[in-house]
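Me: Hey, I've got a structure to get through and could use some company. Can you walk me through it?

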2 protein chains.
Amino acid sequence: MKLRIPFETVRATADEALLRIGLPEEKASLCAQIHTESSADGVESHGLNRIPRFAVYVRNGWVDPEADPVLTGARGAVENYDGRLGVGITNAIFCADRAVELARQHGIGCAALHNTTHWMRGGTYAWRMAEADMVGLSWINAESCMPMWGSDEKSVGNNPFCIAIPREKGPIVVDMAMSLYAYGKLGVYRLAGEQLPYPGGFDREGRLTTDPGAIEETMRILPAGYWKGSSLAIALDLAAAMISNGRSGIEQDAATMGSCGGCSQIFIAIDPYLFGDREELQAMLDHRVAAADSAHPIDPDRPVRCPGENTLLRRKESMERGVAVDEQIWNQILDLATGRMDVVDIASF
Amino acid sequence: MKLRIPFETVRATADEALLRIGLPEEKASLCAQIHTESSADGVESHGLNRIPRFAVYVRNGWVDPEADPVLTGARGAVENYDGRLGVGITNAIFCADRAVELARQHGIGCAALHNTTHWMRGGTYAWRMAEADMVGLSWINAESCMPMWGSDEKSVGNNPFCIAIPREKGPIVVDMAMSLYAYGKLGVYRLAGEQLPYPGGFDREGRLTTDPGAIEETMRILPAGYWKGSSLAIALDLAAAMISNGRSGIEQDAATMGSCGGCSQIFIAIDPYLFGDREELQAMLDHRVAAADSAHPIDPDRPVRCPGENTLLRRKESMERGVAVDEQIWNQILDLATGRMDVVDIASF
């Protein structure tokens with residue numbers, strides 16, 4: 001069941017839970033804010049739903065709640081950080097902010113982060129760079145969870161790629177995993193007894209299927225765009241590991257520290273006002289977005305929207321009606337926050 | 001019918017044809033090399049096949065064969081160029097090389113090009129950056145040729161995104177249009193009387209179909225990964241126009257100067273050896289690629305390959321057996337090269 005709980009209540013409760021899990025005050029506060037914002041934006045799967053799992057990761061020693069990123073190299077507009085298996089969200093925010101700062105100095109900036117942990121909702125960091133007036137690009141390499149195209153076994157991460165454009169009327173943000181559907185999404189459809197809208201993977205007989213349970217069983221999730229998604233996934237994996245001097249996806253497989261344990265991440269910010277007038281560029285964006293949005297819709301009740309636009313509508317709704325939270329997840333977070341449940345009692349995820 | 005013609009014969013003939021079309025010597029020579037390499041790599045659709053169409057573009061005044069790119073702004077690690085509707089290939093090569101040079105100075109470099117023309121095979125420039133020891137990223141915005149997700153009319157470009165990783169045993173290169181199949185590919189299947197391997201667009205009744213002719217009729221090509229491909233396409237369009245201070249896709253629609261006439265392009269190079277040891281990083285790449293390639297294949301006769309690996313095999317075959325060229329296209333190029341046909345006599349494409 002879904003509850004609607006005021007943003008500030010959710011945030012404060014998440015903050016308490018994260019403190020009990022062992023995060024220092026500043027980190028708990030920032031993570032509580034981000035987890036709550038993700039759920040408020042409609043990305044529950046990578047928002048509040050992740051807090052119990054995060055607690056298990058801390059308990060298992062896969063995330064060090066005290067560690068801060070350390071600069072391990074700097075040259076020109078690029079910096080390299082060791083995330084020291086610290087908290088994925090705070091490490092990634094730190095590096096997104098460094099990329100922005102480098103772009104303010106050099107026009108473009110890159111922060112390359114190795115040895116970090118799961119950043120939760122990937123779009124958070126591109127969105128943050130856009131709010132700092134930058135075009136933001138970011139990506140991550142993850143452990144193997146998707147077959148390479150032509151294979152029937154998981155052999156590459158679904159490595160999300162994110163890009164955000166700083167439009168003043170609302171950023172345009174893509175947060176795109178390289179699988180068509182996340183595993184979390186398959187579970188949502190299965191629990192609701194529904195089929196996927198489009199085939200999302202292969203069943204035991206090797207046939208494309210819309211049956212979410214059959215795909216969970218084979219772990220043969222479909223790359224977005226078939227061979228295209230798997231090609232981009234392996235390239236992003238290699239690029240992240242190479243630039244950050246960090247682990248590739250299979251080195252994460254070997255490390256077995258949970259999802260994205262020890263992963264590599266890239267953050268690139270580009271100042272879009274170097275060569276053009278701000279007002280003219282904003283007018284260009286608005287004109288382009290309006291043209292896309294006015295493309296003739298297949299279903300008159302479902303107008304075309306650019307990525308990020310619906311997120312803002314969901315955010316507004318969450319601020320008015322409360323943040324939608326799964327009841328079971330909410331009870332776990334409450335139990336953690338109040339000390340009714342200790343992290344050692346949480347089942348593994 | 002396909003002919004196999006020695007690389008050097010093809011290159012020299014293309015060079016003659018391009019000189020007759022009106023390109024200055026240096027530009028003709030470079031373009032002949034690139035068109036021939038693209039066909040030799042198996043990308044005929046954006047290699048030699050484009051020369052007759054390029055001739056028409058020059059004749060129509062959509063491409064100025066004499067124009068060189070002009071620096072219109074520079075700040076730190078970013079430069080902005082006006083392509084002056086010059087030759088797409090030479091403009092893009094110039095900017096890819098500038099990005100590499102900027103990355104040598106600043107660790108990362110970006111050349112943003114506006115008012116340019118079709119770059120033919122997108123992968124050329126990422127591949128070139130990788131051969132210069134850089135991780136290369138590039139993308140372009142094109143005129144509307146694909147529906148935004150949820151629409152039934154063309155409303156966004158298929159805006160290729162390219163990324164290349166400098167592996168010494170052969171770069172890993174993704175050259176990915178945001179539609180699942182290019183229009184050129186649909187034509188190839190239709191002429192061969194074949195169905196597409198996977199649904200590639202919508203027919204007149206709005207059903208997903210594998211019938212290439214039905215999709216050509218509606219122009220409702222399918223974005224790669226459905227909503228994902230269309231989301232990334234609009235974001236890449238906005239980012240290219242904003243950073244380069246250039247035209248968006250719909251401003252190209254309005255300009256009506258052929259495919260990609262007046263478009264915007266971004267080239268980003270990142271030095272991957274800033275923080276890690278070259279030999280160790282190359283060993284990491286080889287290890288990762290070997291793991292992907294050894295993923296259990298669905299069909300034992302079709303082993304998994306990372307993007308770019310098969311390109312090198314095709315290149316080798318072309319050097320040994322000659323470059324595969326469509327007979328009709330080859331005759332057109334010969335006619336242009338020998339002066340038997342003047343550019344004014346070529347039908348439009």
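Reply: Sure, let's talk about how the chains pair up, then a helix, then the domains. Keep in mind that this is a predicted model.

Me: Okay, how many residues of chain B are in contact with chain A?

Reply: 66 residues of chain B are in contact with 66 residues of chain A.

Me: Which part of chain B gives the largest share of that side?

Reply: That's helix 8 of chain B, residues 227–244, with twelve residues. By class, the side of chain B that touches chain A splits into 41 nonpolar, 18 polar and seven charged residues.

Me: And what rotation puts chain B on chain A?

Reply: A rotation of 180°, with 0.0 Å of shift along its axis, and the RMSD is 0.0 Å. That relation is the one a two-fold axis gives. In chain B, the C-alpha nearest the axis belongs to Gly225(B), at 2.1 Å. Both copies also use the same surface, since 100% of the contact residues of chain B recur in chain A.

Me: New topic: what about helix 10 of chain B, how many residues does it have?

Reply: Helix 10 of chain B covers residues 278–293, so 16 residues, and reaches 22 Å from its first C-alpha to its last, close to the 22 Å expected at 1.5 Å a residue.

Me: Which of its residues in helix 10 of chain B are buried?

Reply: Leu281(B), Met284(B), Leu285(B), Arg288(B), Val289(B), Ala291(B) and Ala292(B) are. Looking down the axis of helix 10 of chain B, the buried residues fall within an arc of 160°, so they line one face of the helix.

Me: Which ones are exposed on the other side of helix 10 of chain B?

Reply: Glu279(B), Glu280(B), Ala283(B) and Ala290(B) are exposed there.

Me: What do the buried residues of helix 10 of chain B pack against?

Reply: Parts of both chains. From chain A there are strand 7 (154–156), helix 8 (227–244) and helix 9 (249–255), and from chain B there are strand 8 (161–165) and strand 9 (172–176).

Me: Last thing: which domains does the assignment give for chain A?

Reply: Domain 1 (2–59 + 314–345) and domain 2 (70–179 + 225–270). Their C-alpha centres lie 23 Å apart. The contact between them takes twelve residues from domain 1 of chain A and eight residues from domain 2 of chain A.

Me: Where does the largest share of the domain 1 side come from?

Reply: From helix 2 of chain A, residues 25–40, which gives six residues. By class, that side of domain 1 has six nonpolar, four polar and two charged residues.

Note on methods
Residues are numbered from 1 along each chain as its sequence is written. Chains are lettered from A and ligands numbered from 1 in the order in which they are written. This is a predicted model: local features need pLDDT of at least 70, side-chain atom pairs count only at pLDDT 80 or more; totals for chains, interfaces and linings use all residues. Helices (H or I, at least four residues) and strands (E, at least two) are DSSP runs, numbered from the N terminus. The expected span of a helix is 1.5 Å times one less than its number of residues. A residue is buried if 20 or more other C-beta atoms lie within 10 Å of its own, exposed if 12 or fewer, and partly exposed in between; C-beta atoms are placed from the backbone. The arc is that of the directions from the helix axis to the C-beta atoms. Two residues are in contact if their C-beta atoms, placed from the backbone, lie within 7 Å. Ala, Val, Leu, Ile, Met, Phe, Trp, Tyr, Cys and Pro count as nonpolar, Asp, Glu, Lys and Arg as charged, and the others, Gly among them, as polar. Copies are superposed by least squares on the C-alpha atoms of residues with pLDDT of at least 70 in both. Domain bounds come from an automatic or database domain assignment.
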